[in-house]
Amino acid sequence: MQQPDLKTAKDISEHLLKVTADALMQQDFDSFAAVFGLPQTMTTEQREIRLVTRDDLKTTFDQMCAYFQSLGVTELRRVCEAAEFHGPDRVEATHISYVIGDGKDLTPPYPVYSVLERLQGRWKITSSDYALSDDKPQAQALDPHRTSNRRAILIYQDHLDRTTASLMKRDFAGFRQSIELPHQMQTETATQIITTVEDMETTFHKFADKYHEIGVTDFVRIAKEAYFHADDDIRGIHESHLIRHGTRLIQPYPNRVRLKRCADGMWRETHCANAILNGEGRFHLWAEVSPTPHLPDLDIDPERTSP
């Protein structure tokens, strides 16, 4: 597709911003790739990421699309703040990125500095500097080498299987061994931080009683991705299925969990979040699954006490 006649530096920047935003929202990789030069350099506040091949770019694109989908993004708004020519075939530009869901900012707006170059007659992005700390999911999504790690997925799925089995068997002692306190639970409507074993046991039995009451026969949680955020920190996303004799009780919904490797070498859950809309703000009751889930980053890390 031919590029329009782009005369000013700002025209060039705004055109590329629109093409990339539309491509991400429509999950149109070909349009996205057409305006990126390779090799490509992307930097966050802590590191430099190199995209060398089209496959690298595709992985980054897919991770960005998945991240925006998990947040419930309905609009990517990029506003060019400044753009200047540095020679006839190079533009340096700064824009502010807004990640929006249903008219509200889902993340704080952040600036991006980009180098745009005319390559074989077409303007393309050749490098970008994001004002994002490296622990943010969007910064992590930029890195094609931060794909789900098989070992992390195995650890994450094992944790899901053990805690699910404990819940279905009403085995609180077994469940307790997989959780570290304080433990933060977050839904679309409320946040609860559990600080004592007594509170955890009360919450555990509320969930177990609710599942028994509605006749859950199968509670299946399937890991979709997991990776090592640090040597002792795994972050992952899974999908939950609540089933009664082969019939779904509620549509499958996304969840995010953070695991920490404790001093005894065991991986324990410190945070969890899901896309449930709670009935009356109570965690063991739900009304429906949010159509635009806003799963948080799970970055809060209060002082913890192992079992």
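A cavity here is a set of grid points where a 1.4 Å probe fits but cannot get out. The views below show a predicted model.

**View 1. Enclosed space in the predicted model.** The protein holds 3 cavities of 30 Å³ or more. The largest cavity takes up about 520 Å³. The second largest has a volume of about 330 Å³.

**View 2. Centre and wall of the largest cavity.** Lining this cavity are 29 residues. Those nearest its centre are Phe175, Met185, Phe207, Arg221 and Cys272. Two helices and a set of strands appear in the wall as elements giving two or more residues: H5 (150–168) and H7 (197–213), with S8 (179–186), S10 (218–230), S11 (233–244), S12 (247–261) and S13 (267–274). Helix H7 supplies the largest share, 5 residues. By class, the lining has 17 nonpolar, 10 polar and 2 charged residues.

**View 3. Centre and wall of the second largest cavity.** Its lining is made of 29 residues. Thr20, Phe36, Arg78, His95 and Tyr130 are the closest to the centre. Helices H1 (9–26) and H3 (54–71) each give two or more residues to this lining. So do strands S1 (36–43), S3 (75–85), S4 (90–101), S6 (110–119) and S7 (122–130). Strand S4 gives the most, with 6 residues. The lining counts 18 nonpolar, 9 polar and 2 charged residues.

**View 4. The largest nonpolar core, with Phe32.** This core has 37 residues. Leu24, Phe32, Phe68 and Leu116 touch the most other members. Helix H3 is the main contributor, giving 7 residues. Which residues does Phe32 touch, not counting those up to four places away in sequence? They are Thr20, Ala23, Leu24, Leu57 and Phe61. Thr20 also appears in View 3, among the residues closest to the centre of the second largest cavity.

**View 5. Another nonpolar core.** A core of 32 residues lies apart from the largest one. Among its members are Leu160, Met185, Tyr211 and Tyr253. Met185 is also one of the residues nearest the centre of the largest cavity.

**View 6. Confidence, and the stretch 300–307.** The mean pLDDT of the protein is 88. Of its residues, 91% reach 70 or more. Over residues 300–307, the pLDDT is below 50. This stretch still has 23 contacts in the model beyond near neighbours in sequence. Where pLDDT is low, predicted coordinates should not be read in detail.

Technical notes:
Residues numbered from 1 in each chain as written. Predicted model: local features only at pLDDT ≥ 70, side-chain atom pairs only at ≥ 80, totals over all residues. Heavy atoms only, no water. pLDDT = per-residue confidence, 0-100. Contact = heavy atoms within 4.5 Å. 1 Å grid on protein atoms, 1.4 Å probe; cavity = no way out; pocket = protein on both sides within 12 Å on 5 of 7 lines; lining within 4 Å. Points joined across faces, edges and corners; volume = space filled by probe spheres on them. Helix = DSSP H or I, 4+ residues; strand = E, 2+ residues; numbered from the N terminus. Nonpolar A, V, L, I, M, F, W, Y, C, P; charged D, E, K, R; others polar. Core = buried A, V, L, I, M, F, W, Y, C linked by side-chain atoms within 4.5 Å. Buried < 20%, exposed > 50% of the residue type's maximum accessible area, 1.4 Å probe, protein only.
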